[in-house]
Amino acid sequence: MYAKFFKRLVDILCALLAIVVFSWLYIIVAILVRVKLGSPVIFKQPRPGLNGKIFTLYKFRTMTDEKDEDGNLLPDEIRLTKFGKLLRATSLDELPEAFNILKGDMSVIGPRPQLVRDMTFFTDEQMKRQSVRPGLSGLAQVKGRNGITWEEKIDYDLEYIKKITFFGDVKIIFQTVWSAFVKQDGVSQEGMDTAEDLGDYLLRIGKVDKETYDKKQEEAKKLLNV
């Protein structure tokens with residue numbers, strides 16, 4: 001009953017409340033991003049949402065636009081600044097996602113929206129995580145965020161969608177606040193500044209071959225019309 005009829009209403013109320021109550025924080029973070037990283041202040045990226053439909057995710061920018069001599073962006077670990085790491089560690093970079101929730105792209109709680117190129121590697125069973133709106137936070141985030149394996153992350157997503165309840169969502173919200181602002185763990189994978197793409201992970205551990213990997217990357221480009 002909650003998942004079908006009331007969850008969307010709760011999402012709208014929570015998003016509006018967050019934007020109003022923390023408007024001062026939005027302004028402060030936006031100014032700091034503009035001063036330390038330049039413009040644009042908002043980072044936009046296509047992500048797969050409900051039923052795999054692509055939407056534009058909004059976040060505060062955490063990286064510079066540094067490029068090599070050929071005009072290609074430098075690796076993430078070079079462009080991710082100390083200030084950007086702080087924003088990610090505290091999840092302040094995700095504040096603009098409240099507007100995604102208002103638009104109906106996302107929910108407060110649900111499976112985190114992964115990259116489009118990650119989705120192309122999902123099995124039919126794993127694609128079930130796309131049967132609900134992606135969330136600002138979710139069960140996988142409070143169980144370890146990027147500090148757990150891809151298999152564990154997706155299993156937690158599938159576990160969540162089997163039983164969506166109001167009190168379950170409230171519990172995850174409180175656990176998220178504790179994890180993001182007190183523990184500040186699982187932001188990145190061990191030995192890496194950012195999370196590893198699913199395809200890169202599967203290729204590294206030998207679960208897909210290079211031919212399949214390249215094919216899936218091309219599928220992602222077609223979905224993005226690149």
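This section describes the nonpolar core, a helix packing contact and the salt bridges of a predicted model.

The largest nonpolar core comprises 39 residues, of which V29, V33, F60, L95, Y160 and L198 touch the most other members. When neighbours within four places in sequence are set aside, V33 is in contact with G38, V41, F60, R61, F83 and L87. Of these partners, F83 and L87 are also listed, together with G84 and A89, as the buried residues of helix α4 (residues 82–89), and just after α4 a positive phi of about 65 degrees is found at S91.

Helices α1 (residues 2–21) and α2 (residues 23–37) have axes that come within 4 Å and cross at roughly 65 degrees. The contact involves A18, I19, V20 and V21 of α1 and S23, W24 and Y26 of α2, a set made up of six nonpolar residues, one polar residue and no charged residue.

The structure contains 15 salt bridges. In one of them, the closest N and O atoms of R112 and E97 are 2.7 Å apart; because R112 lies in the loop between β3 (107–109) and α6 (116–119) and E97 in helix α5 (residues 97–103), the pair ties together parts that are 15 residues apart in sequence. R112 counts as buried at 8% relative accessibility, as does E97 at 0%, and both belong to a salt-bridge network with E94.

A salt bridge also joins E151 to K207, with the closest N and O atoms 3.2 Å apart; since E151 lies in helix α8 (residues 150–162) and K207 in the loop between α10 (198–204) and α11 (210–223), parts that are 56 residues apart in sequence are tied together. Here E151 is partly exposed at 25% relative accessibility, whereas K207 is exposed at 54%.

Terms used
Residues numbered from 1 in each chain as written. Predicted model: local features only at pLDDT ≥ 70, side-chain atom pairs only at ≥ 80, totals over all residues. Heavy atoms only, no water. Core = buried A, V, L, I, M, F, W, Y, C linked by side-chain atoms within 4.5 Å. Buried < 20%, exposed > 50% of the residue type's maximum accessible area, 1.4 Å probe, protein only. Contact = heavy atoms within 4.5 Å. Axes fitted to C-alpha atoms, helices over the stretch in contact; angles between N-to-C directions. Helix = DSSP H or I, 4+ residues; strand = E, 2+ residues; numbered from the N terminus. Nonpolar A, V, L, I, M, F, W, Y, C, P; charged D, E, K, R; others polar. Salt bridge = Lys/Arg side-chain N within 4 Å of Asp/Glu carboxyl O.
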